[in-house]
Amino acid sequence: MMVGLIKAKCPRCRRGDIFASPTYSFSGQKMHDRCSHCNLYYEREPGYWYVAMFVSYALNVAEMVTFAVGLHTLTGSNSPWLYVCVLLGVIFILSPFNYRYSRVILLYWLTPGLHYEPGRALDKPVQTQQDQNDN
Ligand SMILES: [Zn+2]
């Protein structure tokens, strides 16, 4: 499961990619609308990705706390400017990562009813009634 999450694979079959571009690309990150393997529609409901903003916020806070504590441990500095500059840089550098993984975490852990289905990882995915409704 962690491998699928890290590689940003489809949460249902773990075969198809969620994103059409790598984490750090100058053209920005493009998502696939559907899983290329099991045809899962990634945006589960209208406004679904809005929820990912809250996940992204939580990631940002966790990263800032981690880096602030690490910075204090390494430098022992109390200069606010050092912290502001480093943390802004960290947030800027990590923003593509946060964008990507806030959505992956939402799909993997925060979406009821969406989970790994081994039958869909086969080369010929099992079709269910839900697929008929989705299509
Ligand atoms: Zn899939």
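Helix 3 is part of what covers the buried residues of helix 2, and this pairing is a good place to start our walk. The model is a predicted one, in which local features need pLDDT of at least 70, side-chain atom pairs count only at pLDDT 80 or more, and totals for chains, interfaces and linings use all residues. Residues are numbered from 1 along each chain as its sequence is written.

A few working terms will help. Helices (H or I, at least four residues) and strands (E, at least two) are DSSP runs, numbered from the N terminus. A residue is called buried if 20 or more other C-beta atoms lie within 10 Å of its own, exposed if 12 or fewer do, and partly exposed in between, with C-beta atoms placed from the backbone. Two residues are in contact if those backbone-placed C-beta atoms lie within 7 Å.

Now back to helix 2. The buried residues there are Ala52, Ser56 and Leu59. Helix 2 has 28 residues and reaches 41 Å from its first C-alpha to its last, close to the 40 Å expected at 1.5 Å a residue; the expected span is 1.5 Å times one less than the number of residues. Further along helix 2, which covers residues 48-75, you will meet Glu63. With 16 other C-beta atoms within 10 Å, Glu63 is partly exposed. Setting aside residues up to four places away in sequence, Glu63 touches Val90 and Leu94. Glu63 and Asn98 are 35 residues apart in sequence, yet 9.8 Å apart in space, C-alpha to C-alpha. Just after helix 2, Gly76 takes a positive phi of about 65°.

Follow the chain onward to helix 3, residues 80-109. Its end C-alpha atoms span only 36 Å, whereas a straight helix of 30 residues would span 44 Å at 1.5 Å a residue. Helix 3 also has a kink of about 50° at Leu94, shortly before the proline Pro96. The bend at a residue is the angle between axes fitted to the seven residues ending there and the seven starting there. Buried residues of helix 3 include Asn98, Arg100, Tyr101 and Val104, and what covers the buried residues of this helix includes helix 1 (2-6) and helix 2. Trp81 also lies in helix 3, but Trp81 is exposed, because 8 other C-beta atoms lie within 10 Å. Trp81 and Cys13 are 46 Å apart in space, C-alpha to C-alpha, with their positions 68 residues apart in sequence.

What does the UniProt record add? The unreviewed entry places the feature "transmembrane region" at residues 48-69 and 81-99. UniProt positions are given in the numbering used here, feature names are shortened, and annotations may be inferred rather than shown by experiment. In the model, residues 48-69 are 100% helix and 0% strand, with end C-alpha atoms 33 Å apart. Residues 81-99 are likewise 100% helix and 0% strand, and here the end C-alpha atoms are 26 Å apart.

Next, look at the loop between helix 1 and helix 2, where both Ala8 and Arg14 are found. Ala8 has a positive phi of about 55° although it is not a glycine, and Ala8 counts as buried because it has 20 C-beta neighbours inside 10 Å. Arg14, also not a glycine, has a positive phi near 55°, and with 20 C-beta neighbours inside 10 Å Arg14 counts as buried too.

A nonpolar core is a set of buried Ala, Val, Leu, Ile, Met, Phe, Trp, Tyr and Cys residues joined through C-beta atoms within 7 Å. The largest one here has 14 residues, and those with the most contacts inside it include Cys10, Ile18, Cys35 and Val104. Helix 2 and helix 3 are the elements that give two or more residues to this core, and the largest share, 4 residues, comes from helix 3. Cys35 touches Cys10, Arg12, Cys13, Gly16 and Leu40, leaving out residues up to four places away in sequence.

Finally, step back to the whole chain. There are 4 helices and 0 strands. The C-alpha atoms fill a box of roughly 60 × 25 × 25 Å, taken along the principal axes. The radius of gyration is 18 Å, while a compact globule of 135 residues would have one near 14 Å; this radius is taken over C-alpha atoms, and the globule rule is 2.2 Å times the number of residues to the power 0.38. Of the 135 residues, 19% count as buried.
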